[in-house]
Amino acid sequence: MSCKTSSIIISFIVITIPGNFTQGRCPSADLTGDCFIDFDDFALMAAQWPATDFDDVAEMANQWLNIFDPHIRDDVVLIPAGEFRMGDHFDEGDLDNFPPHDVLIDQFYMGICEVTNREYCEFLNSALSQGQIHVDDGVVYGFPNGDQYCNTYPESSYPSQIDWNGREFTVLANKADHPMVMVTWYGAAAYAQFYDKRLPTEAHWEKAARGGLVGKAYPWGDSITHNDANYVGTGGKDIWNITAPVGSFAPNGYGLYDVAGNALEWCADKYDKGYYVRSPRSNPTGPEVTITFRNNDFTKVDLSEYRVTRGALWKTAPEGLNVGGRGYGKAGDIYYVPGFRCAVQD
Ligand SMILES: [Ca+2]
Ligand SMILES: [Ca+2]
């Protein structure tokens with residue numbers, strides 16, 4: 001499943017490629033002539049074993065490795081640049097996602113999955129060891145402003161899925177791969193900054209969530225069943241009354257899981273009901289204050305300020321999972337529903 005951590009493993013064996021790799025203007029290690037350095041080239045190289053020249057192999061390996069940006073993690077996927085139509089295409093939502101309008105987005109990288117309890121616990125334990133957070137009566141606070149990130153209350157209508165034993169954070173049994181919820185916008189932003197990522201703008205979120213489809217109600221088409229997503233109740237593949245392990249349903253066209261349902265997802269933008277009327281066409285970042293998620297600039301956001309949420313959640317009725325739907329919550333409040341996914345810093 002693509003939400004799990006994976007890595008590309010290349011086994012280097014001493015083989016040699018005879019002759020000239022040059023194919024016009026393509027990389028010299030492109031043996032098949034399609035201008036891409038891929039496994040087909042390695043296969044061809046292997047077939048030519050053992051007429052060896054180690055320098056040629058080293059050159060191919062170097063070119064192969066260089067096609068991957070080392071700063072891009074394997075938990076994100078490239079969302080291509082381009083224009084898409086943002087907002088309510090069916091004149092059936094709230095007024096806050098009207099009018100539909102064309103938005104041009106530069107390419108960016110989006111988290112494949114909602115951030116999980118396991119990942120958030122790893123962050124909390126690392127941040128704790130670095131003196132960046134403290135815990136008071138089960139509530140996690142961050143420095144420098146002492147803003148709430150999340151709580152660890154085991155007993156409530158929607159209990160926290162992480163625990164604090166006074167020394168470290170752990171995940172409750174069988175919840176490691178569930179999305180981290182009941183996290184404040186601040187707690188989500190702090191996680192993003194910690195890993196040199198950011199929260200997506202809602203324009204980024206919707207571009208990614210539509211998966212390349214045009215004018216559809218949901219990330220996969222115009223109808224919805226419990227086989228598509230985790231929403232209120234159960235049925236089909238949806239056996240969960242609350243959160244589901246991330247990646248339990250098919251991904252959208254860009255390979256993203258759970259953009260509809262499961263955890264509601266914080267976005268970077270300040271919420272403004274009428275923003276779509278005046279939103280700029282190119283890379284909109286919300287009505288005020290662009291957050292870079294560097295040097296704690298997210299802590300300048302007012303705790304009582306409303307920030308955007310997208311994607312609906314496990315307790316939403318199916319029609320509420322429409323891909324153009326918007327929501328909001330106060331940046332500093334712990335609600336029982338929001339989680340998040342990260343985008344990679346521009
Ligand atoms: Ca469900
Ligand atoms: Ca979601």
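This passage describes the confidence, the nonpolar core and one buried helix of a predicted model.

The mean pLDDT of the chain is 85, and 80% of the residues score at least 70. Over residues 5–25, however, the pLDDT is below 50, although this stretch has 34 contacts in the model beyond near neighbours in sequence. Residues 67–71 also stay under 50, and for them the model has 1 contact beyond four places in sequence. Predicted coordinates should not be read in detail where pLDDT is low. Among the elements of the chain, the lowest mean pLDDT, 59, belongs to helix α2 (residues 54–66), and the highest, 98, to α5.

Helix α5 spans residues 202–210, and 9 of its 9 residues are buried, so the helix is largely enclosed by the rest of the structure. The buried residues include the charged-name positions Glu202, Glu206, Lys207 and Arg210, together with Ala203, His204, Trp205, Ala208 and Ala209. After α5 comes Gly211, which has a positive phi, near 65 degrees.

The largest nonpolar core holds 72 residues, of which Tyr120, Val183, Ala188, Ala189 and Leu199 touch the most other members. Helix α4 (residues 185–194) supplies the largest share of this core, with 7 residues. For Ala188, the contacts outside its neighbours within four places in sequence are Val183, Leu199, Trp266 and Phe340. Two of these partners, Val183 and Leu199, are themselves listed with Ala188 among the core residues that touch the most other members.

Definitions and conventions: Residues numbered from 1 in each chain as written. Chains lettered and ligands numbered in written order. Predicted model: local features only at pLDDT ≥ 70, side-chain atom pairs only at ≥ 80, totals over all residues. Buried ≥ 20, exposed ≤ 12 C-beta atoms within 10 Å, placed from the backbone. Helix = DSSP H or I, 4+ residues; strand = E, 2+ residues; numbered from the N terminus. pLDDT = per-residue confidence, 0-100. Contact = placed C-beta atoms within 7 Å. Core = buried A, V, L, I, M, F, W, Y, C linked by C-beta atoms within 7 Å.
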